[in-house]
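Colleague: Could you walk me through this one? I'd like to learn how to read a few of its features.

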Amino acid sequence: MTPTVALRGLTKAYGRVTAVDGLDLTIQPGEVVALLGPNGAGKSTTIDMLLGLARPDTGTARLFGMPPAEAIAAGKVGALLQSGGLLPDLTVREIVELSAALYAGHRSVPDVLTRAGLTDVAGRRVAKLSGGQQQRVRFAMALVADPDLIVLDEPTTGLDVEARRSFWAAMREESGHGRTVLFATHYLEEADAFADRIVFVRAGRVVADGTAAQIKAQVSGRTIRATLPGADLNALAALPGVDEVESRGDAVLLTCRDSDAALRALVNSTPAYDIEVTAQGLEEAFVALTLEGAK
Amino acid sequence: MKTYLIMELKRLPRNKRVLIFSMLMPAVLLLVFGGLNKGQDLNGVDASAYIMVSLGVFGSMTSVMGRGGSIAVERGIGWNRQLRLTPLRPSRYVVIKVATSLLMAIPPLVVVYLIGALGLGVHLSAATWLLVFLGSWLGALPFAALGVVIGYVATPDSVQQISALLYMLLAAFGGLWVPIEVMPRLMRDIAELTPAYWVGQLARNPLFHGSLDARGLLVLLAWAVGLGFVALRRFRADTAKA
């Protein structure tokens, strides 16, 4: 099967700054993928190359096995850019109708306006809308094309919590129809809540790729917390499976690569009580993956 | 493409600034200078008629160039980038801009001719009116191309100043504000280097000879092709980069 997205060895430098550095990514039809990474990780540059808006220095980008421009001309792609791209003097209905007209197999405009929650403001000029509403307009423009692939670059940046929530609710409903979705974000919760697969990008490379659970596992480690007054921290650090030890008053915090071994040893060799074992969250993984590069 | 064209047509009256300015400025100039020279004779032609035609050309030129400026504004807000993510071919975008530019050349001509006929008592035969209009309108073509060049070179902040500077220079040196006939020799030689001069000649020729000036038409065609070529190159460069 032809992958929906196939990026091979993409590299792009702006002056002396390498924005994307040998990035590979394959996305199969129907996948919902988050391109997650801190600001400046190369997400937007990657998306620009994927859409043919920027030319890679080396490597190739293919959508549906075609160069991006061809896939776009064939109406297979709907994209939502981070900002701009709206004519302020058009009404919501006009701009969505216009987008619809550019695609041969487009969807009904009233239907899309309803889905994007724009029916009430359909007659209003784009310039008069709030940031959240404008983002819905962009979403409607991408949706009305009825594309096989939707690409969203930081779709909720600058939106308030409520607007973000309703944006994703609408988006989730849409992706149910077997559409392939790729979105860039630096919001961890969004990647976790919405994507089937998270591709973590740092310094222009993919550093982790998998489900949220797999990414957590990759960074791995669990934390053991126990109450142990007067603990000998050096002795604890020497226990099997323990990486780091911290004390918090009467409590100790053990960061473990093998929490099972550490727990057995802790119980056998110390009078520790109130023991809790917690897995590291995606957030810790995110921080760990981000920091790894800074070292 | 049809929907896009219709949408652009609907948008035309929304940009009231360019529209009003392109009608107001020649209208005011015509009332002042046409009024001052009313009844005067310029090489056998009514001076009011002469000034009317020149200012009509000036108005349509500003209007057409202002239209090209909308490309700069739309590039600035990322609209062209957005369009590149749709199946619309970029060349069609430019074709639509040029077509609507030429449409925008008409309102200033109509306003100026109405003021001339009703306010200054300019009397021309129906055939002369038609030829004068046709000459002015055809002559707008190189300015439409120039507008596209400006649209792809200028930023949204600079576009108005750049086009204003350009059409003022063109109007002043091309003899649209001051009749060529009263200019010193050197100024006339300079005037011939501008396309504005040739549009003026083309549009005013019917007043003198009752026909369009074939040489003017050819020179303008050359200008249109030349500027069209530059516009095409700027457009290609802009489309190729991110």
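Modeller: Let's go through confidence, then the contacts between chains, then one helix.

Modeller: This is a predicted model, in which local features need pLDDT of at least 70, side-chain atom pairs count only at pLDDT 80 or more, and totals for chains, interfaces and linings use all residues. Residues are numbered from 1 along each chain as its sequence is written, while chains are lettered from A and ligands numbered from 1 in the order in which they are written.

Colleague: What is the mean pLDDT of chain A?

Modeller: pLDDT is the predictor's confidence in each residue, from 0 to 100. For chain A the mean is 87, with 97% of its residues at 70 or more. Among the elements of chain A (helices are DSSP runs of H or I, at least four residues; strands of E, at least two; numbered from the N terminus), helix α11 (282-294) has the lowest mean, 70, and strand β4 (58-63) the highest, 95.

Colleague: How many residues of chain A are in contact with chain B?

Modeller: Contact means C-beta atoms, placed from the backbone, within 7 Å. Here 22 residues of chain A are in contact with 16 of chain B. On the chain A side, α3(A) gives the most, with 5 residues.

Colleague: And which residues of α10(A) are buried?

Modeller: Buried means 20 or more other C-beta atoms within 10 Å of a residue's own, exposed 12 or fewer, and partly exposed in between. In α10 (259-269) of chain A, the buried ones are Ser259(A), Ala262(A), Leu263(A) and Leu266(A). The face turned away from that buried side carries exposed Asp260(A), Asn268(A) and Ser269(A).

Definitions and conventions: Two residues are in contact if their C-beta atoms, placed from the backbone, lie within 7 Å.
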